[in-house]
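Hi,

Here is the structure I promised to pass on. Have a look at it first, and then read on for what turned up.

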Amino acid sequence: MDKIKNICCIGAGYVGGPTMAVIAYKCPNITVNVVDINKNKIDKWNSNDLDNLPVYEPGLSEIVEKVRGKNLFFSCDIEKEISNAEMIFLAVNTPTKKYGEGKGMAIDLKYVEDSARLIAKFSNEPKIVVEKSTLPVRTAEAIEKILKSENPSVKFEVISNPEFLAEGTAIKDLFKSDRVLIGGHKTRQGFEAVTALVEIYSNWIPNEKIITTNLWSSELSKLVSNAFLAQRISSINSISALCESTGADVDEVSRAVGKDKRIGPEFLKASVGFGGSCFQKDILSLVYLCKYYNLNEVADFWKSVININNYQRDRFTKKIIQSLFGSVSDKKICILGWSFKKNTNDSRESSAIVVSSNLIENGAEIRVYDPKVKKEKILADVNEYWLNQNIKRDLINDYLSRIKIFENPNDASEKASAICILTEWEEFTAIDWELIYSRMKRPAWIFDGRNILNREILKNMGFDIYQIGK
Ligand code: NAD
Ligand code: UGA
């Protein structure tokens with residue numbers, strides 16, 4: 001097979017944008033076209049205002065600046081770019097289904113199906129189709145069926161290449177991946193397609209880090225990787241509750257446990273709960289898959305990871321209410337951090353949404369500051385949260401009137417009874433806490449949902465402080 005010269009990626013989101021920028025940067029001989037149905041997003045990717053790309057990631061704008069217009073292009077011309085490409089990546093969203101069979105658990109494959117139909121429609125020559133989105137096992141079979149039935153005259157080879165980048169460190173992760181996983185059919189065409197993609201990654205990833213497997217192992221390994229990572233967080237979070245009852249300190253326990261090489265130190269940081277668009281949806285997808293195959297005990301095991309995450313968020317909210325004498329009604333509570341982790345503008349499934357909404361439902365006035373998430377997004381997040389809870393429009397409007405967004409922590413915390421740290425943004429450790437203390441109500445509480453602050457120093461200033469698992 002000739003070397004790949006022209007790639008198309010369907011989906012210009014958190015995965016499509018950064019992964020394609022890095023492929024273009026590392027492979028100057030390949031032309032990479034990223035397409036999306038969302039014109040507004042494509043306009044932002046093409047804008048000269050590099051500080052406002054649709055995705056905020058450290059190091060991303062510098063790479064986009066270097067390759068955009070040379071061998072990296074963003075457009076809405078899906079027909080043209082599919083037709084020109086030899087290899088097409090699917091990096092569309094795969095959310096949890098909101099209605100119908102499998103509602104609240106199974107993956108909604110609508111966007112994947114739409115993309116497959118577009119590929120079939122606009123292809124006149126053989127194409128390699130790469131699953132980059134995270135998908136339930138055997139989705140490749142469904143994609144193949146659509147392609148074959150819609151366009152029997154063209155040869156398509158579907159392979160799986162799940163993405164393991166984490167937001168906030170996407171560029172670092174893409175430059176130095178722990179591994180690249182590529183799964184294909186064990187046929188001659190399957191082998192050729194896998195080899196074509198291996199050659200692309202070989203431009204910067206050492207061969208020993210490129211793992212090739214069968215298609216179903218590759219699809220499943222992605223779900224399992226996320227489930228294992230989330231399981232570690234729920235494990236340490238469950239222990240944080242026990243620490244609070246016994247006088248043990250969860251950070252000390254985590255350090256001691258993580259020193260064992262067989263366990264390792266990563267993903268043992270207790271928190272208010274994991275967020276992000278993927279952990280919950282991918283575990284739910286795994287649970288649905290297990291139930292589909294009648295493996296109910298396995299399904300229950302993985303479902304418990306989500307149960308503990310919900311418990312942790314709930315526990316945190318209750319702790320705030322209890323500490324403020326059993327009621328937050330008409331009290332000002334400052335929320336520092338809205339994104340689901342530091343160094344990203346992504347707030348999907350952020351714990352901040354759940355904690356803030358619950359506090360507002362309990363009568364509080366919420367005052368938010370986040371360095372990267374925009375005001376409109378914060379308001380849209382809570383609005384969507386309440387709509388999903390079937391709350392009536394009038395009540396939602398009342399709730400929305402009780403959330404205010406600020407440009408800095410000082411204004412956000414003025415006259416507040418409590419401050420909640422919900423994202424581990426580094427700038428929160430450099431805040432002038434004495435100044436903030438002087439402007440807050442008494443007793444002045446800090447609920448540190450990320451355990452990033454120095455407890456003793458803050459206590460000496462006069463704060464009451466709660467940290468997870470302490
Ligand atoms: P996203 O919502 O940021 O981006 C998806 C994009 O696909 C959107 O811009 C949407 O408009 C576009 N799209 C949908 N249907 C389309 C169509 N028919 N034609 C053209 N464009 C279309 O989603 P994301 O966070 O980039 O995630 C994409 C996939 O990657 C998901 O399966 C996710 O599980 C997986 N993943 C995400 C991450 C992450 O950090 N966000 C990491 C690893 C894997
Ligand atoms: C995660 C995985 O780490 C990626 O490998 C994967 O590709 C990605 O999901 C995906 O499939 O979308 P991401 O969600 O971007 O990446 O970020 P993480 O660093 O995994 O953090 C997820 C959540 O867990 C965040 O809310 C974070 O604050 C929380 N977390 C993480 C903890 O509470 N404790 C920890 O020790 C680590």
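Sorted by class, the shell around ligand 1 has 11 nonpolar, 8 polar and 8 charged residues. Keep in mind while you read that this is a predicted model. There are 27 residues around ligand 1, and those that come nearest are Asp36, Lys41, Thr94, Glu167 and Lys281. If you want to know which helix gives the most to this shell, look at α5 (residues 110–122), with 4 residues.

As for polar contacts, Lys41 puts a polar side-chain atom 2.7 Å from an oxygen atom of ligand 1. The backbone takes part as well: a polar backbone atom of Val15 sits 2.8 Å from an oxygen atom of the ligand, and one of Ile37 is 3.4 Å from a nitrogen atom of ligand 1. On its own ligand 1 exposes 830 Å², and the protein buries 93% of that.

Now for ligand 2. This one is surrounded by 20 residues, with Leu165, Ser271, Cys278, Phe340 and Arg450 the closest. By class, its shell has 11 nonpolar, 3 polar and 6 charged residues. Helix α9 (residues 215–246) supplies the largest share of the shell around ligand 2, 4 residues.

Three contacts here involve oxygen atoms of the ligand. Ser271 has a side-chain N or O atom 2.6 Å from an oxygen atom of ligand 2. For Phe340 it is a polar backbone atom, 2.7 Å from a ligand 2 oxygen, and for Leu268 a polar backbone atom at 3.4 Å from an oxygen of ligand 2. Ligand 2 has 700 Å² of accessible area on its own, and the protein covers 90% of it.

Away from the ligands, I also went through helix α14 (residues 375–388). With 14 residues at 1.5 Å a residue, α14 should span 20 Å, and its end C-alpha atoms are indeed 20 Å apart, so the two figures agree. Which residues of α14 are buried? They are Ile378, Asp381, Val382, Tyr385 and Trp386. These cover an arc of only 125° around the axis, so they lie on the same side of α14. The general rule behind that kind of pattern is that an α-helix has 3.6 residues a turn, so residues three or four places apart point the same way.

One last residue: Leu400, which is found in helix α15 (residues 393–400). Is Leu400 buried or partly exposed? Its relative accessible area is 22%, and buried means under 20%, so Leu400 counts as partly exposed. From Leu400 to Ser413 it is 13 residues in sequence and 18 Å in space, C-alpha to C-alpha.

Cheers

Note on methods
Residues are numbered from 1 along each chain as its sequence is written. Chains are lettered from A and ligands numbered from 1 in the order in which they are written. This is a predicted model: local features need pLDDT of at least 70, side-chain atom pairs count only at pLDDT 80 or more; totals for chains, interfaces and linings use all residues. Side-chain values use heavy atoms; hydrogens and water are left out. A residue is near a molecule or strand if one of its heavy atoms lies within 4 Å of it. A polar contact is a pair of N or O atoms within 3.5 Å; within protein, one must be able to donate a hydrogen and the other to accept it, and residues adjacent in sequence count only if both atoms are side-chain atoms. Accessible areas come from the Shrake-Rupley method with a 1.4 Å probe; for residues, only the protein chains shown count as cover. Helices (H or I, at least four residues) and strands (E, at least two) are DSSP runs, numbered from the N terminus. Ala, Val, Leu, Ile, Met, Phe, Trp, Tyr, Cys and Pro count as nonpolar, Asp, Glu, Lys and Arg as charged, and the others, Gly among them, as polar. The expected span of a helix is 1.5 Å times one less than its number of residues. Buried means under 20% relative accessible area, exposed over 50%, partly exposed in between (1.4 Å probe, protein chains only). The arc is that of the directions from the helix axis to the C-beta atoms.
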